[in-house]
Amino acid sequence: MKSLKNIKKTILSNEWATLHRIDYDYQFKNGNWKRLSRETYNRGNGTAILLFNPDKGTVILTKQFRMPAYENDKNDGMSIEACAGAIDNNDNALETIIRETEEEVGYKITNAKQVLSAYTSPGALTEKMYLFVAEYSDAMKINEGGGLDSEDEEIEVIELPFKQVIEMVKNEEIIDAKTIMLVQYAQINKLID
Ligand SMILES: Nc1nc2c(ncn2[C@@H]2O[C@H](COP(=O)(O)OP(=O)(O)O[C@H]3O[C@H](CO)[C@@H](O)[C@H](O)[C@@H]3O)[C@@H](O)[C@H]2O)c(=O)[nH]1
Ligand SMILES: [Mg+2]
């Protein structure tokens, strides 16, 4: 454990999620102590899943408007991503991703496997993401997906050849980190030929 003491947390904002300022004494390798301050944004942990069909050579992705991406790029703000959802307080990652898969893309899966976990932005976010893969088939489709109206979600479900998705990562049409990690996991582990 790093040498840390006198940790003081102050809430700067507490609406949808919580932004803290954390002040702490930190000991450098040379033995000197210094009081430092970092802001941390806490919206809980998250899950994402790459659904793949080895017979068809396809994967299921989503497309939706993301305000933070719009704010940064000032283009249309549309983001192509693996199906993903935040983990509610009393749920675990597996329960969450099964529910999100049903709500967002309309597939009932039973075989999700966690393959990676990742801090998505450890300099600013407390969020750790649990990344899954699962095989899907047309028979598992139980609704249209699209997300919850009650949460104002408007999610387009897209089924694409995996080869095309690899090109979309290369040409930067897909620039969402969790999605790139999952696509590259699938490539490295040859989930689809
Ligand atoms: N009012 C309000 N609603 C919000 C806010 N932020 C998110 N929401 C809403 O909360 C819901 C969250 O949907 P989820 O499907 O659970 O999460 P997500 O937005 O897909 O996020 C997933 O991917 C993120 C990006 O990679 C991850 O950060 C996150 O943990 C999760 O895995 C969405 O309806 C979204 O519009 C906010 O600041 N204010
Ligand atoms: Mg989502």
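**Exercise 1.** Describe the order of strands and helices along the chain of this predicted model, and state how many of each there are.

*Solution.* Reading along the sequence, one meets the pattern β-β-β-β-β-α-β-β-α-β-β-β-α-α. Counting the elements in the chain then gives four helices and ten strands. As for confidence in this predicted model, the chain has an average pLDDT of 96, with 99% of the residues scoring at least 70, while the model as a whole scores ipTM 0.94 and pTM 0.95.

**Exercise 2.** Work out how the chain is divided into domains, and how many Å separate the centres of domain 1 and domain 2.

*Solution.* Begin with the domain assignment, which places residues 4–42 in domain 1 and residues 46–188 in domain 2. Next, take the centres of domain 1 and domain 2 over their C-alpha atoms, and they turn out to be separated by 32 Å. Finally, for the chain as a whole, the C-alpha atoms fill a box of roughly 60 × 40 × 35 Å along the principal axes.

**Exercise 3.** Decide how helices α3 and α4 are oriented to each other, and give the handedness of their crossing.

*Solution.* First locate the two helices, α3 at residues 162–170 and α4 at residues 177–188, which pack with their axes 11 Å apart and at an angle of about 130°. Angles of 65 to 115 degrees would count as roughly perpendicular and those over 145 as roughly antiparallel, so α3 and α4 are oblique to each other. The crossing of α3 and α4 is, in addition, left-handed.

**Exercise 4.** Characterise the residues that surround ligand 1.

*Solution.* Ligand 1 is surrounded by 14 residues, of which Trp16, Gly46, Ala84, Gly85 and Glu151 are the closest. Sorting this shell by class yields five nonpolar, three polar and six charged residues. Turning to the strands, β4 (46–53) and β7 (83–86) each contribute at least two residues to the shell around ligand 1.

Note on methods
Residues numbered from 1 in each chain as written. Chains lettered and ligands numbered in written order. Predicted model: local features only at pLDDT ≥ 70, side-chain atom pairs only at ≥ 80, totals over all residues. Near = placed C-beta within 6 Å. Nonpolar A, V, L, I, M, F, W, Y, C, P; charged D, E, K, R; others polar. pLDDT = per-residue confidence, 0-100. Domains from an automatic or database assignment. Axes fitted to C-alpha atoms, helices over the stretch in contact; angles between N-to-C directions. Parallel < 35°, antiparallel > 145°, perpendicular 65-115°, else oblique. Left-handed = near helix turned anticlockwise from the far one by under 90°.
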